[in-house]
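Visitor: I would like to go through the charged side-chain pairs here, one question at a time. Please show me the sequence and the structure before we begin.

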Amino acid sequence: MRWEPDVTIVGGGMAGSEAAWQLAEAGLRVALVEMKPSAMSPAHQSPLLGELVCSNSLRSDDPVAPAGLLKHELRRCGSMVIACADQHRVPAGQALAVERFGFARAITQRIALHPGIRIERRRMDELPKSPVIVCTGPLTEGQLGEVIRAELGGDRMYFYDAIAPIVAADSIDFDYAFRASRWGRDSDAIDRDTASDRAAGGDTGVGDYINCPMNKAQYDDFITAVNAGRKVLPHDFEEPKYFESCMPIEVMAERGPQTLRFGPMRPIGLRDPRTGFRPWAVVQLRPENRYLTAYNLVGFQTRLAYPEQQRIFQMIPALHRAEFLRYGSIHRNTYIDAPARLGERFELRSRPNVRFAGLLTGVEGYIESCAMGLVVAWMLAGELTGRAAPPPPPTTMLGGLYHHVTAPRDEGYKYGPTNVNYGLLPPLPGTRKDNRKERMSERARADLETWLGMVRVNVAA
Ligand SMILES: Cc1cc2nc3c(=O)[nH]c(=O)nc-3n(C[C@H](O)[C@H](O)[C@H](O)COP(=O)(O)OP(=O)(O)OC[C@H]3O[C@@H](n4cnc5c(N)ncnc54)[C@H](O)[C@@H]3O)c2cc1C
């Protein structure tokens, strides 16, 4: 008898391997299509599934740290990828780092031996008609990339990300910072989104921006530090000329000491209420989430190394004790404008049999990609077995990522990838001195258990 899969998964990386396992464990027949080894992306080197393309760290294992909390949630959900990581752990302090070949071999073996999964070693160049989850990751390109791009309507797939750092709102020092929009009206932060912001009516009102003023001496020292700071070099396959439209601040600083002051640090239209004067330069912060607990540094996409970002950006007086929820980065990436084009089950609105998971959906990092593989698989398994599963609660890291991908955005919002951070979760009252993160972590763990009580009955009964 011919073996017809219930679901096809394209790509056997972090998301695809996890999704295949979860669907097969739910009793479905899965074809996992992986192009390696006959075709390799510029970053992949081994024929194994679950290959880590760069660092061997799955980040912190402290249950209060965002990455640690997400891994706790994944373990509770029975993640196969995290189980393989735990099995191949190497000493790395608080972090879960793995012996990468043992880790990838374990994933490959588990998948190969699962009776519900068939591995097909070939490149997929089109989207099948039957249910499919596309998990081809940050280096999706070529024919399949073109097919997806056409399905999305042309301009809803991005091939690079240029991300500005995000800081926690309660770590901004308001002895220095002040709230105002430029010229005291709807605005007008100066970055690559400005045109679309304006088209969409600008920011949501007077004073939405937080401004971090600098005097001449502070600005000059800052520029010197940016010029001297250690930068991350692009990979061979990352073309720097691609970044003209979202120039890193260090490239602007190299062009001349005043370039940033006429660019993202432009002070015009702003008056510091403490001095009554226009500052010499200003870093504007824009809300990153609806809870107003996280703000991004407008126009500050950067390739400075992470420790350098912390050191140099803390030279900005209002950010001297800033907590960085995520650092800036610029790299080759492929992701789709998920809020605009995908439905609540990560399905193409125009073609619901086609789903996406992993980094393609606008999450960043190994464990985040694995998490979205698991969630999309559970939801599809629920549908195919007639037992619909609700999405993870928004108070969990799984739910925070799910919401990031699916929440509707205002017209003009530039969707960008995220990794896990507490800015994705609804805040609790209090400050960090009140152990707020510990309490949010406890809430997440409790809410996850309640959710698991529901979905285990629904999905894996
Ligand atoms: C250079 C680089 C370095 C990175 N470093 C880190 C890091 O240090 N830490 C971190 O957390 N994240 C890092 N990332 C991000 C990382 O790739 C993702 O976090 C994660 O691997 C994405 O998981 P995924 O399952 O979406 O895609 P992947 O893990 O990349 O898996 C995609 C799979 O799809 C296969 N595939 C692609 N196209 C096709 C096709 N047409 N047909 C069949 N198969 C196909 C690929 O061969 C691959 O096996 C890095 C990314 C890049 C590009």
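Visitor: Is aspartate 61 buried or exposed?
Guide: In this predicted model, the test is the relative accessible area, and a residue counts as buried when that value is under 20%. Aspartate 61 has a relative accessible area of 18%, so the residue is buried.

Visitor: With which residue does aspartate 61 form a salt bridge, and how far apart are the closest N and O atoms?
Guide: Side chains of opposite charge can pair when their charged atoms come close. For aspartate 61 the partner is arginine 89, and the closest N and O atoms are 3.0 Å apart.

Visitor: How many residues apart in sequence are the parts that arginine 89 and aspartate 61 tie together?
Guide: Arginine 89 lies in strand 4, whereas aspartate 61 sits in the loop between strand 3 and helix 2. The pair therefore ties together parts of the sequence whose separation is 28 residues.

Visitor: Which residue meets arginine 76 in a salt bridge, and in which helix does that partner lie?
Guide: The side chain of arginine 76, a residue of helix 2, meets that of glutamate 449 at 2.7 Å, N to O. The two residues are 373 apart along the chain, and glutamate 449 belongs to residues 436-458, which form helix 13.

Visitor: What is the relative accessible area of arginine 345, the residue that meets glutamate 383 in a salt bridge?
Guide: The two side chains meet at 3.7 Å, N to O, and the limit for a salt bridge is 4 Å. Glutamate 383 is partly exposed at 33%, and arginine 345 is also partly exposed, with a relative accessible area of 22%.

Note on methods: Residues numbered from 1 in each chain as written. Predicted model: local features only at pLDDT ≥ 70, side-chain atom pairs only at ≥ 80, totals over all residues. Heavy atoms only, no water. Helix = DSSP H or I, 4+ residues; strand = E, 2+ residues; numbered from the N terminus. Buried < 20%, exposed > 50% of the residue type's maximum accessible area, 1.4 Å probe, protein only.
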